[in-house]
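Visitor: I would like a close look at a single part of this structure, namely the places where its pieces meet. Please take me through the contacts with care, starting inside one chain and then moving outward.

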There are 2 protein chains.
Amino acid sequence: MSARAGIIVTGTEVLTGRVADLNGPWLAEQLRQAGVDVGYTVVVGDRPQDLVAALDFLAGARVDLIVTSGGLGPTADDLTAAVVGDWQGRASTPDPELEKRIAVIVEELSARRRWAVDPVAMAAGTAKQALVPDGAEVLEPAGTAPGLVVPGSPGADHPPVVVLPGPPSELQAMWHDAVGSPLVVRALAGRAEIRQSTLRLWDTPEAAIAATLRRLAEDLGDLEITTCQRGGELEVVTRHGVDLVERYERFQAAVVEEYGAAVFSTDGSTVDDIVARLLEKRGLTIATAESCTAGLLAARLTERSGSSAWVRGGAVVYSNEAKHDLAGVPVELIERHGAVSEEVAVALAEGARRELRADIGVGITGIAGPGGGTTDKPVGLVHLCVCGPSGSLTRAPVLGGGRSQVRARSVTTALHLVRQLLQDG
Amino acid sequence: MSARAGIIVTGTEVLTGRVADLNGPWLAEQLRQAGVDVGYTVVVGDRPQDLVAALDFLAGARVDLIVTSGGLGPTADDLTAAVVGDWQGRASTPDPELEKRIAVIVEELSARRRWAVDPVAMAAGTAKQALVPDGAEVLEPAGTAPGLVVPGSPGADHPPVVVLPGPPSELQAMWHDAVGSPLVVRALAGRAEIRQSTLRLWDTPEAAIAATLRRLAEDLGDLEITTCQRGGELEVVTRHGVDLVERYERFQAAVVEEYGAAVFSTDGSTVDDIVARLLEKRGLTIATAESCTAGLLAARLTERSGSSAWVRGGAVVYSNEAKHDLAGVPVELIERHGAVSEEVAVALAEGARRELRADIGVGITGIAGPGGGTTDKPVGLVHLCVCGPSGSLTRAPVLGGGRSQVRARSVTTALHLVRQLLQDG
């Protein structure tokens with residue numbers, strides 16, 4: 001059995017959806033890499049009794065470690081450290097040295113941002129952040145808030161709790177110290193490695209893989225397989241112990257044999273990774289001309305650092321005038337075929353390639369909705385074209401979902417067309 | 001006391017962070033609007049025993065209603081309906097009419113996407129999806145999976161459980177039926193309305209509002225106030241009963257008096273809402289030229305439907321050649337001042353305005369990192385310029401966080417500059 005952990009994400013802003021939770025997923029992946037299985041992520045608001053209920057739940061579920069994020073700031077609604085200390089039956093006392101270190105950080109930060117903050121208010125906040133439960137290890141602040149590892153009280157049979165700040169950059173910077181803390185190392189002793197392997201298929205229905213899994217059921221044994229369809233991509237993720245590597249390899253080979261080129265990734269790479277690798281390896285550059293996606297493809301291509309080596313730029317051609325002015329699409333072509341047409345998608349791809357002097361051009365034009373659809377050209381119809389030195393590919397899917405889904409799926413489809421053109425050509 | 005609910009999001013892909021949870025936040029907001037307070041969102045993987053533990057936890061926390069999302073698909077790892085039925089002590093039986101309706105939907109879908117699916121596998125999946133626990137209400141499918149409202153068993157003192165599918169578009173389409181279901185209406189009877197009011201401040205530190213809250217503490221009484229800093233924006237969200245409206249209005253007036261123009265929103269509007277409203281009302285158009293943000297601002301401006309009335313388009317000028325070719329920035333200007341400079345930001349804004357024939361132009365150029373920083377121009381330095389008929393604004397903040405945060409904060413800063421130019425001019 002591997003060690004098990006539970007995650008508690010605190011913050012009314014996360015619970016009510018005003019802020020997306022980036023910490024739960026990130027912590028789950030870090031714990032998995034450390035050989036720890038995460039059973040639950042509980043999101044609670046800033047009410048002490050709800051945080052206590054979540055701690056009780058995870059202790060009752062017999063996890064070996066609890067990790068919390070959020071609630072370490074200077075304001076009165078930031079109460080995680082105090083609540084966790086109480087829950088572990090440990091009184092909190094001020095740590096004067098820690099308080100000084102926090103004060104220095106806060107002063108430097110305020111000076112840099114030219115914030116004029118009332119010194120009394122600032123001192124109250126700093127003093128609050130420097131309260132440490134008895135026996136807890138302090139994790140040095142990456143922003144202004146220190147983290148804590150609060151040991152369980154032997155009487156209550158509670159696991160240790162790692163208390164981390166809410167801002168993702170601070171939490172991530174503190175993780176290395178947290179996972180290396182003696183209390184955490186002891187709690188997770190004897191854990192077994194969990195492998196996670198991912199197959200990604202393009203343009204394959206989930207029902208098909210369900211049939212494959214049923215057919216192979218006897219051979220799969222204890223492999224823990226989950227499937228997930230997102231737009232046109234189907235992800236098959238398997239978690240297994242090191243002793244089941246050969247069994248997994250047989251499963252992977254069976255899927256590759258059955259689905260052939262639809263399996264575009266067996267090593268965890270995303271389509272973004274593959275496209276970036278292909279462009280870099282071949283020394284090719286890319287440029288975009290986007291109407292309905294309006295910059296989303298260019299933004300996604302440049303998410304990774306170093307992408308300036310292959311991304312030349314792009315044209316966001318939301319208006320018909322912009323299609324002409326930036327991508328050189330003839331006005332009469334738009335008038336004849338409509339802005340959402342294969343002809344205009346091709347002209348956009350060729351225009352992007354020509355105007356931005358790139359090797360590969362991508363054109364996207366479609367109806368993202370909710371308005372603007374007709375019987376001939378319904379909402380979700382997107383014309384895509386990718387062209388390069390070795391030829392071009394076009395496609396015109398009718399994509400489902402709302403406006404943002406149609407836009408996101410258009411971008412994913414474009415990336416797959418780029419991948420196919422580069423792999424075939 | 002208002003009614004209370006708990007949310008369970010199922011799916012190993014969500015628990016492990018491979019898919020962002022869109023349903024928990026959406027459901028929390030819908031429940032709030034229906035006067036229901038959400039205490040917890042629990043994310044669990046696709047293991048039956050973990051789902052049962054989460055159900056037990058929420059029942060133990062005495063919620064009046066549980067809502068689940070996910071786990072209603074045709075594959076064997078989709079087991080929510082069966083687990084919830086068992087947990088409520090209700091045997092499941094096939095509903096032949098429902099099975100026929102699902103089969104029709106699946107056939108139409110497969111035909112439209114030209115998927116060749118094994119009919120035996122398809123029938124097995126459909127039969128699984130048409131199993132209904134005794135006494136449960138069926139919510140008609142919006143995709144292929146029906147939802148359920150499974151009543152509590154009187155013996156176990158369990159609340160009713162609303163079982164919804166995982167794809168956000170299906171879940172959202174089904175919500176109206178779910179919240180109108182007799183079992184749900186009965187469970188939530190007697191609920192009291194919860195108001196949620198939001199103040200948004202630009203360029204104000206959280207420590208400052210913490211001091212304000214301490215000073216006003218006596219006047220605030222039972223107002224439940226949470227503050228949250230995201231980039232340069234500070235959000236102050238207050239939840240309160242209808243009886244506390246006047247108290248909230250006094251609090252809002254005090255904040256507006258203290259912070260003046262930094263308070264850019266008191267009615268829940270985001271900066272995106274305000275910019276769109278200002279552009280639309282004045283009949284002005286906008287165009288962008290983005291280097292480090294590479295299309296993110298254009299994509300954000302076009303997130304809302306109808307934005308084609310004011311967004312002309314944009315140039316993604318990731319390479320220096322693109323800055324010249326698309327936005328007309330003189331090569332010698334880039335050579336003299338560097339690509340990341342006020343001069344180039346101004347030239348980009350003016351170029352976007354000129355080349356795309358827009359009223360407002362926005363230029364962004366910066367160092368998103370992690371590489372490329374120097375002592376003079378560190379990672380996070382972003383030069384922004386917004387220009388229009390009434391003048392221009394420039395700014396050069398050094399933004400914190402990693403690459404994606406620097407990019408996102410640059411976009412938010414640009415939107416605030418557009419807002420300020422339009423509000424002042």
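Guide: A good place to start is a charged pair: R395(A) and D203(A) form a salt bridge in which the closest N and O atoms are 3.8 Å apart. With a cut-off of 4 Å for such N and O atoms, this pair counts as a salt bridge, and it should be read with the caution due to a predicted model.

To place the pair, the domain assignment divides chain A into domain 1 (3-187), domain 2 (194-265) and domain 3 (271-424). Across the interface of domain 2 of chain A and domain 3 of chain A, the rule finds one salt bridge, and the count of residue pairs in polar contact between these two domains, with both residues at pLDDT 80 or more, is likewise one. On the side of domain 2 of chain A that touches domain 3 of chain A, the residues divide by class into two nonpolar, two polar and two charged. In terms of contact, six residues of domain 2 of chain A meet nine residues of domain 3 of chain A, while the centres of the two domains, taken over C-alpha atoms, are separated by 31 Å. The size of an interface is often expressed as the accessible area lost when the parts come together; for domain 2 of chain A and domain 3 of chain A that area is about 630 Å², with 59% of it on carbon and sulfur atoms.

Turning outward to the other chain, 86 residues from chain A and 86 residues from chain B take part in the contact. Chain A and chain B bury about 7,100 Å² between them, of which 55% comes from carbon and sulfur atoms. Within chain A, the residues that lose the most area to chain B are R18(A), R47(A) and Y318(A), which together make up 9% of what that side buries.

Between chain A and chain B there are eight salt bridges, and one salt bridge between these chains joins R357(A) to D325(B), with the closest N and O atoms 2.7 Å apart. The count of residue pairs in polar contact between chain A and chain B, both at pLDDT 80 or more, is 29. Strand 2 (residues 36-44) of chain A supplies eight residues, the largest share of the side of chain A that touches chain B, and that side as a whole divides into 36 nonpolar, 26 polar and 24 charged residues.

Backbone pairing also links the chains: strand 14 (residues 311-316) of chain A and strand 14 (residues 311-316) of chain B run antiparallel and are joined by three bridges. In this pairing, A315(A) has A315(B) as its bridge partner.

Notes: Residues numbered from 1 in each chain as written. Chains lettered and ligands numbered in written order. Predicted model: local features only at pLDDT ≥ 70, side-chain atom pairs only at ≥ 80, totals over all residues. Heavy atoms only, no water. Domains from an automatic or database assignment. Contact = heavy atoms within 4.5 Å. Buried area = accessible area lost by both parts, 1.4 Å probe. Salt bridge = Lys/Arg side-chain N within 4 Å of Asp/Glu carboxyl O. Polar contact = N/O pair within 3.5 Å; in protein donor to acceptor, adjacent residues only side chain to side chain. Nonpolar A, V, L, I, M, F, W, Y, C, P; charged D, E, K, R; others polar. Helix = DSSP H or I, 4+ residues; strand = E, 2+ residues; numbered from the N terminus. Pairing = 2+ DSSP bridges.
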